Amino acid sequence: MSIPFLSLALDGPQLVELLADDAAIRRWDELPSAFSVLGVERVDGSGAREATVDASVAAAILAGRTTRARFLVAASPTRDHPYNLARRVASLGHLSRGRSGVIFGDHDPYAPAGDPWTTTDVGFTRGEQIADALCAVRALEQSWPYESVVGDLETGIFVQSNLIRHVDHDGLHRTAGPLTVPEPPTGASVTAWLATDRVPAIPGDETDLVIGAGGAVRIVDADAAEAWSGEASDGGGLLLRGRPGSTLAELLDAAESLAGRTRPVGDGPLRQVLDLSVPSRPAVGRAAFPQPQPHAVL
Amino acid sequence: MTERRSGHVILGINALVLGYLPASWQSPELTPGSFVDPAYWENIGRTAERGTLDAVFLADIPALGDPAHDANPAHMEPTVNWSYVAGVTDRLGVVATASTTFNDPFDLAERWLSFDHVTRGRAAWNIVTSRGAAPARNFGFGDVPPRDDRYDRAAEFVDVVRALWDSAVTGDRVHHRGEYFEIDGRLSVPPFADSAPVLFQAGGSAKGRELAARVADGVFAAELTRDQAVEHYRQVKRRAVEHGRSPDSVKIVPGLLTTIGSTEEEARRRNDDLHDRGPASYSIEWLSQSMGIDAGKLDLDAPFPEEVLAAPDDLQTFTGSVGFRESIVAQIRRTNPTVREYLKQTRYTGSGHAGFVGTPEQLADRIEDWFHAGAVDGFNLQPDVLVDGLQVIVDEVVPILRKRGLYRHEYETDTLRGHFEAAAASAPLW
């Protein structure tokens with residue numbers, strides 16, 4: 001049995017605290033943890049808090065203010081269309097130099113009921129909706145290969161755009177693609193599923209990491225962290241989560257006290273520190289653009 | 001004779017990723033991956049802040065145009081792009097564009113209030129309705145709704161977003177039952193200083209201007225001639241007054257494409273060189289998109305046929321930009337050039353947005369002239385190549401404007417709303 005890595009779950013109020021406190025950001029950035037889930041209450045079924053912020057913009061500003069911290073952005077595929085979400089995820093992948101990923105789970109407790117983007121009136125489960133969004137986001141993020149950006153001064157060709165593909169995803173959500181952003185050079189972003197009894201993970205190639213019920217990462221509440229005996233599933237990790245109402249300082253204290261008993265992880269992209277291989281790109285798909293020609297003068 | 005105004009102009013930079021000219025990626029200061037490189041964006045943000053500029057803009061459309069010869073279609077998502085830049089700056093405003101056709105109002109309201117929270121009051125939403133089939137297909141639609149529908153949806157969308165932003169201050173739930181949306185909820189995002197993001201409106205159709213007059217704090221206008229700009233300036237602000245608003249509360253900030261050199265001749269050479277290194281089809285495609293025609297079918301050596309210049313029969317299904325089309329037609333009617341002459345002339349005068357090619361001194365003159373003429377409250381400058389064009393604006397144009405008392409020496413305010421409130425009062429409207 002190997003020693004697990006450490007990761008943190010920040011809820012809305014803790015994230016708001018972090019954003020307002022430069023010293024806390026430095027302390028958080030120095031933790032030897034694998035990643036932090038930003039906005040965990042949006043995916044773990046624990047209910048709305050008194051304050052929250054959108055995790056993707058929070059992650060983007062934190063990417064500019066940190067050098068080591070890695071994060072999974074809590075997302076919900078109901079009011080957020082997969083095309084918009086995939087753009088933010090891929091953009092974060094570039095701007096954080098691969099330190100970011102996305103996590104799905106239970107219903108977002110802040111969002112009013114309604115699925116404005118789904119293509120069917122037939123009932124579907126939350127898990128089915130997540131699986132479909134994961135598929136769409138992954139396909140979109142891979143629709144524009146980074147290596148097609150050549151910048152050839154001789155021919156005037158900036159991108160070998162004939163290598164860019166439509167995704168033509170037609171499931172619970174529909175999107176043609178391609179994305180407006182190339183795949184990050186570190187590969188498609190890490191995708192995670194926070195599994196609960198209500199929303200168990202559906203196995204699929206597009207899910208890199210399952211946290212919670214049956215997953216490789218076990219959830220440990222901060223007030224039980226002291227008593228934690230050191231057991232974990234093989235190769236997995238711990239997600240340290242405060243109880244509702246606990247402060248950021250309490251969470252960071254608990255993380256620092258656990259750090260000596262967990263497996264330290266070094267710097268680098270999230271995919272690399274979790275030892276996840278870069279997902280291969282599907283070979284199919286309509287070419288989005290014709291073969292570029294050297295340009296002619298007007 | 002125009003009346004002199006006191007106070008300072010608003011200066012924004014419309015980033016257009018690497019610059020407005022397709023050949024901008026060929027700059028020796030860039031690598032092929034600069035457009036998605038955090039170091040590139042950090043440099044842009046820090047340079048703009050060194051110039052005490054009011055804001056940086058990103059236009060956006062949620063679909064990819066062919067990036068074969070041009071980085072301009074390759075957009076990262078604007079709130080993420082600018083939040084990152086806000087992370088490495090302190091005072092610079094950040095304006096992100098998003099479409100009311102391809103978003104959900106609750107989702108957008110929550111994201112933009114968060115964007116304003118994390119940037120500490122520096123965020124703005126540039127409201128667009130988006131056109132074209134490509135974005136529609138990315139969201140599961142066959143095509144976009146006709147124009148009036150889009151603007152009706154936009155008006156309701158914006159009202160829902162503003163009500164939700166209010167809900168974050170008051171804690172009261174929003175119960176909205178409208179033609180396009182049903183929303184029951186409230187936001188739990190802490191509003192920065194009990195305020196909300198600045199609202200920009202871009203687009204020159206009648207309904208677009210009406211939306212601007214009713215709710216916008218800023219208008220990102222497209223103006224080719226000073227006289228037309230004065231007319232639109234007065235039109236929007238007078239309408240704002242009719243809505244019970246102060247004319248100072250809506251700032252008119254048109255785009256201005258810039259190529260700057262140490263002499264006028266050097267600037268023209270730079271502009272010609274950048275055009276020659278870009279694809280020839282670029283200007284033809286641009287004209288086609290803006291005017292809703294296939295410009296490739298026009299005889300390059302004949303004047304524009306009257307049927308191309310005449311107003312489109314049906315604005316509902318017109319695929320171009322009403323604002324851009326109007327300014328382009330006005331420009332063509334003044335000199336009646338051949339298509340080829342027009343395409344070459346627009347290198348120096350701009351097309352859709354006005355163009356400027358000249359020295360820093362001349363650019364300062366242009367800004368000063370339009371400001372005192374009551375045509376603008378400031379400009380959204382669009383450098384040909386952003387990485388060095390921005391540097392010249394900051395190091396050479398801004399100091400001239402400061403000497404003339406038209407721009408601040410240091411930031412005096414911390415938020416984008418604060419920057420706007422500190423800018424010059426409105427020009428006379430009558």
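## Chain A as a whole, and a covered helix in chain B

The secondary structure of chain A comprises 7 helices and 12 strands. Its radius of gyration is 20 Å, close to the 19 Å given by the globule rule for 298 residues, so chain A is as compact as a globular protein of that length. The model described here is a predicted one.

Taken along the principal axes, the C-alpha atoms of chain A fill a box of roughly 70 × 45 × 40 Å. Of the 298 residues in this chain, 59% are buried, and among its contacts between residues at least 6 apart in sequence, 76% join residues that are at least 24 apart. Chain A exposes about 11,000 Å², of which carbon and sulfur atoms supply 52%. The chain carries 25 positive and 38 negative charges, and the mean positions of these two sets lie 2 Å apart.

One residue illustrates such contacts within chain A. L31(A) is found in the loop that runs between α2 (22-30) and β2 (35-38) of chain A, and it counts as buried because its relative accessibility is 6%, where buried means under 20%. Leaving aside residues up to four places away in sequence, L31(A) touches L8(A), R68(A), L252(A), A255(A) and E256(A).

In chain B, helix α2 (residues 78-87) is mostly covered, with 10 of its 10 residues buried; among them are P78(B), W82(B), Y84(B) and G87(B). The cover comes from both chains: it includes α3 (55-65) and α4 (82-95) of chain A, together with α1 (38-50), β2 (55-58), β3 (93-99) and α3 (105-118) of chain B.

Within this helix of chain B lies N81(B), which is buried, with a relative accessible area of 1%. Residues up to four places away in sequence again being left out, N81(B) touches L95(A) from chain A as well as W41(B), L58(B) and M76(B) from chain B.

For both L31(A) and N81(B), the table gives a residue of the respective chain, with the separation along the chain and between C-alpha atoms.

| Residue | Partner | Separation along the chain | C-alpha separation |
|---|---|---|---|
| L31(A) | A255(A) | 224 residues | 7.8 Å |
| N81(B) | V36(B) | 45 residues | 9.1 Å |

A255(A), the partner listed for L31(A), is also one of the residues that L31(A) touches.

Technical notes
Residues numbered from 1 in each chain as written. Chains lettered and ligands numbered in written order. Predicted model: local features only at pLDDT ≥ 70, side-chain atom pairs only at ≥ 80, totals over all residues. Heavy atoms only, no water. Helix = DSSP H or I, 4+ residues; strand = E, 2+ residues; numbered from the N terminus. Rg over C-alpha atoms; globule rule 2.2 N^0.38 Å. Buried < 20%, exposed > 50% of the residue type's maximum accessible area, 1.4 Å probe, protein only. Contact = heavy atoms within 4.5 Å. Areas by Shrake-Rupley, 256 points an atom, 1.4 Å probe, with all protein chains shown as cover. Lys, Arg positive; Asp, Glu negative; His and termini not counted. Charge placed at Lys NZ, Arg CZ, Asp CG, Glu CD.
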